[in-house]
Amino acid sequence: QSQELSQVRIDYQAALYALVEDGTKMVCTGKMHTDRVCRFESLCYSTEAEEFVFFHSNSSIMLPSLGSRRFQPALLDLSSVDDHNTQYFNFVELPAAALQFMAKPVFVPDVALIMNRFNPDNLMHVFHDDLLPIFYTMQQFPDLDLDSRLFFMEGWGEGSHFDLYKLMSNKQPLLKEQLKNLGRLLCFTRSYVGLTKITTWYQYGFVQPQGPKANILVSGNEIRHFANFVLGKLNISSAESSSEDYIVLFSRTMNRLIVNEAELLLALAQEFQMKTITVSLEDHSFGDIVRLISNASMLVSMHGAQLVLSMFLPKGASVVELFPYGVNPDHYTPYKTLATLPGMELQYVAWQNKEVANTIAYPERPWEQGGIIHLGAGEQERIMKSKEVPRHLCCRNPEWLFRIYQDTKVDVSSLIQVIRSVVKTKPGFRKQKWANGLYPGKVRESRCQASSSEASVTKLSVTWHIPWNLKYLKVRDVKYEVWIQEQGENTYMPYILSYQNHTFSENIKPSTTYLVWIRCIFNKTLLGPFAEVLVCKT
Ligand code: UDP
């Protein structure tokens with residue numbers, strides 16, 4: 001590995017001098033340990049102590065300067081999983097003068113991204129927790145380019161999907177274990193520590209039952225941009241649209257099996273008049289699977305990590321997720337959430353086995369594969385009789401593991417029925433979208449005028465101009481929402497209007513001040529911002 005590091009030559013004496021004179025510099029983004037990523041110059045790592053080291057000199061910088069709050073509970077999360085106590089990052093401090101008593105530093109010349117992978121043996125975790133956050137952390141900081149190097153500090157081996165991590169930069173990622181071979185004191189010339197969480201959409205249930213994150217900040221556009229980057233790295237040209245339509249069945253071969261795959265394939269082929277192809281992680285290369293998925297009209301699979309690859313489906317395709325007996329699809333939605341992100345443009349279908357006769361359970365397997373014979377007889381009986389796993393926390397709930405590792409005989413007709421209830425057009429067909437999710441700007445130049453006619457009816461006329469961006473857009477349906485609020489009251493009258501003027505006469509009183517709020521709405525759902533409030537006196 002050491003020859004790897006020396007690809008970029010550095011002047012050792014100059015680097016050492018800079019470290020001793022300037023010490024470590026740190027400037028971070030983020031207010032809390034859970035949203036922080038830090039940029040360092042001359043951050044060091046002692047492979048003996050297994051600690052990062054911040055060297056103080058007259059020129060060192062530490063922003064934020066948290067004092068002992070740096071330990072409450074940590075400076076930042078090294079993985080994209082929120083506030084997990086096994087993923088905390090911190091450093092120990094030393095005066096730069098201590099360097100003269102320490103092992104000669106070995107400098108890392110590459111720009112480094114230092115982080116933890118969360119669960120590198122599980123494909124969902126690889127994509128959701130690591131690859132997408134790595135990709136977008138690199139987008140956030142321009143010096144994290146393809147020539148930067150990833151450092152995985154969680155302490156695991158390469159794991160089953162190391163080739164995917166290698167796609168993220170041109171340099172071989174290094175594992176914590178390998179750092180020992182490089183030297184006793186490593187000093188990163190320039191490094192970033194931590195990962196953005198802005199692209200994650202799911203929380204795994206460490207503190208509350210699993211579900212979509214409360215405040216999702218990623219759209220299908222960013223997921224697809226990342227997916228295209230991966231396709232490019234794998235030399236897969238997207239959308240070979242000329243080829244024939246087909247359905248991909250993504251099967252698992254070790255556990256959570258579909259026991260009547262042949263029957264299922266036949267039924268799907270017949271119903272949708274399409275070819276069907278079966279793939280599995282065991283029997284196909286990652287590149288082949290992604291190539292097949294990227295042109296498929298439908299992806300059918302048991303619930304499981306392999307379904308994260310639905311991000312490679314073309315727009316308009318369908319995702320059909322199958323759940324074993326006793327597992328409520330609404331409680332386990334990482335793939336539903338992904339498929340239904342705005343801009344993914346996938347149709348999502350969940351099917352659950354409701355027939356206890358069609359499930360094959362394995363109470364005698366080891367607990368991590370869903371076995372329950374280590375439990376008391378009463379608890380075993382309760383689990384066997386239960387029709388649905390109650391909501392639970394991650395990760396070792398025996399009833400959950402028991403149910404999720406069942407095999408299933410899929411009732412083909414009930415499956416086809418639920419697919420048909422969602423997928424109305426030909427699978428893979430994309431409905432023409434109008435304005436693709438662009439929001440209106442504020443309405444402009446709004447004015448109001450009061451009038452009291454002879455009949456002593458007080459009226460309020462309000463006019464406004466279209467939002468500035470509308471003249472550049474083709475929008476099918478443009479409406480305006482107007483709220484009229486009597487000053488001092490906390491209720492208002494809402495109106496939905498089609499034109500840029502309206503005269504209000506209902507409930508308009510003389511000698512009264514009204515506040516008028518106006519916003520534009522595109523295609524019924526895209527609500528723009530309210531313009532500055534209009535103050536109108538009658
Ligand atoms: N896996 C697989 N075939 C199998 C069982 C598992 O390819 O028969 C993969 C699965 O896609 C995931 C990893 O092995 O990437 C771990 O699977 P596990 O059942 O632990 O997790 P889950 O799929 O439920 O997230």
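Biologist: What makes the pair between the side chain of tyrosine 405 and an oxygen atom of the ligand a polar contact?

Modeller: A polar contact is a pair of N or O atoms within 3.5 Å; within protein, one must be able to donate a hydrogen and the other to accept it, and residues adjacent in sequence count only if both atoms are side-chain atoms. An N or O atom in the side chain of tyrosine 405 is 2.7 Å from an oxygen atom of the ligand, so the pair qualifies. This is a predicted model, in which local features need pLDDT of at least 70 and side-chain atom pairs count only at pLDDT 80 or more, while totals for chains, interfaces and linings use all residues. Side-chain values use heavy atoms, with hydrogens and water left out, and residues are numbered from 1 along each chain as its sequence is written.

Biologist: Which atoms of methionine 254 and glutamine 306 lie by an oxygen atom of the ligand?

Modeller: For methionine 254 a backbone N or O atom lies 2.6 Å from a ligand oxygen, and for glutamine 306 a polar side-chain atom lies 3.1 Å from one. Overall, the protein covers 78% of the 510 Å² of accessible area that the ligand has on its own (Shrake-Rupley method with a 1.4 Å probe; for residues, only the protein chains shown count as cover).

Biologist: How many residues surround the ligand, and which are the closest?

Modeller: There are 14, and the closest are Arg252, Met254, Glu282, Ala305 and Tyr405. To be near the ligand, a residue needs one heavy atom within 4 Å of it. The shell holds five nonpolar, five polar and four charged residues. Here Ala, Val, Leu, Ile, Met, Phe, Trp, Tyr, Cys and Pro count as nonpolar, Asp, Glu, Lys and Arg as charged, and the others, Gly among them, as polar.

Biologist: Why does arginine 256 count as buried?

Modeller: Buried means under 20% relative accessible area, exposed over 50%, and partly exposed in between (1.4 Å probe, protein chains only). Arginine 256 has 6% relative accessibility, so it counts as buried. Its phi is positive, about 55°, although it is not a glycine. Arginine 256 sits in the loop between strand E15 (246-250) and helix H7 (261-272).

Biologist: And why does aspartate 83 count as partly exposed?

Modeller: Aspartate 83 comes out at 37% relative accessibility, so it counts as partly exposed. Aspartate 83 is another residue other than glycine with a positive phi, near 50°.

Biologist: How do you know that E9 and E10 pair?

Modeller: Strands pair if DSSP finds at least two bridges between them. E9 and strand E10 (residues 149-152) have four bridges, in the parallel sense, so they pair. Helices (H or I, at least four residues) and strands (E, at least two) are DSSP runs, numbered from the N terminus. Leucine 113 of E9 has leucine 150 as its bridge partner in E10.

Biologist: What makes the crossover from E9 to E10 right-handed?

Modeller: The chain passes from E9 through helix H3 (residues 123-140) to E10, and this β-α-β crossover is right-handed. The term applies if, with the strands pointing away from the viewer, the path from the first strand over the helix to the second runs clockwise.

Biologist: How do you know that E9 and E12 pair?

Modeller: E9 and strand E12 (residues 185-193) share three bridges in the parallel sense, so they pair too. In E12, tyrosine 192 stands opposite leucine 113. As for side chains of E9 (residues 112-115), Ala112 and Ile114 point one way, Leu113 and Met115 the other way, and all are buried.
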